[in-house]
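Subject: A structure to look at, with notes

Dear colleague,

I am passing on a structure that I would like you to look through at your own pace. Please open it first, and then read my notes beside it.

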Amino acid sequence: MGKAEKGKNIIMPRDVYSADEHKSPKGKPIIETQGNREVCIEGLSGILEYDERVIRINSSGMIISFTGRGLTISYLTDSTLSIKGFIQKIEFLC
């Protein structure tokens, strides 16, 4: 697989990205990680549990659990959440 060059267009299938920033494709959550120190989730329905070791959220009919140390919610809107800390595990509970 070749590398993308700076300034070149990249063609991706439509279901890889969302045209509407506030809706994830096919109703699924979008989860973006920055190593194991930060995670951003789009498609949030609610927060079920929150402390410095565990954050559990509801998203599109599934529960997503983040386990680690020093976890904090650094950004929150009605549908987006950003978690910072030392993330050790991400679980999807359907």
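Below I go through the sheet, its hairpins, the core and a patch on the surface.

Please keep in mind throughout that this is a predicted model.

The sheet. Six strands form an open sheet, and if you go across it from one side to the other you meet them in the order β1-β2-β6-β5-β4-β3, with antiparallel pairing. The edges are formed by β1, residues 30–34, and β3, residues 46–50, each of which pairs on one side only. Neighbouring strands in this sheet are turned against each other by 40 degrees on average, if direction is ignored.

The pairings. The antiparallel strands β1 and β2 are joined by 5 bridges, with β2 covering residues 38–42, and one pair to look for there is Ile30 with its bridge partner Glu42 in β2. Between β4 and β5, which also run antiparallel, there are 6 bridges, and here Arg56 has Ser65 in β5 as its bridge partner. The hairpin of β4 and β5 has 2 residues between the strands, and in this hairpin Ser60 takes a positive phi near 50 degrees. For β5 and β6, again antiparallel, the count is 11 bridges, with Ile63 standing opposite Leu93 in β6, and the hairpin that joins these two strands does so through 3 residues.

The core. In soluble globular proteins, nonpolar side chains tend to be buried together. In this model the largest nonpolar core has 12 residues, among them Val39, Leu44, Ile57, Phe66 and Ile83. At least two core residues come from each of β2, β4 (54–59), β5 (62–76) and β6 (80–93), and the largest share, 4 residues, is supplied by β5.

The surface patch. Which residues make the nonpolar surface patch of about 280 Å²? The patch is made by Ile47, Tyr50 and Leu76. Tyr50 has its place in strand β3 and counts as partly exposed because its relative accessibility is 43%, a value that falls between the limits of 20% for buried and 50% for exposed. Leu76 lies in strand β5, and with a relative accessibility of 48% this residue is therefore also counted as partly exposed. Although Leu76 and Leu44 are 32 residues apart along the chain, their C-alpha atoms are separated by 9.4 Å.

With best wishes

Key: Residues numbered from 1 in each chain as written. Predicted model: local features only at pLDDT ≥ 70, side-chain atom pairs only at ≥ 80, totals over all residues. Heavy atoms only, no water. Pairing = 2+ DSSP bridges. Axes fitted to C-alpha atoms, helices over the stretch in contact; angles between N-to-C directions. Patch = residues over 30% accessible without salt bridge, like charges linked within 9 Å, V, L, I, M, F, W, Y side chains within 5 Å. Areas by Shrake-Rupley, 256 points an atom, 1.4 Å probe, with all protein chains shown as cover. Salt bridge = Lys/Arg side-chain N within 4 Å of Asp/Glu carboxyl O. Buried < 20%, exposed > 50% of the residue type's maximum accessible area, 1.4 Å probe, protein only. Core = buried A, V, L, I, M, F, W, Y, C linked by side-chain atoms within 4.5 Å.
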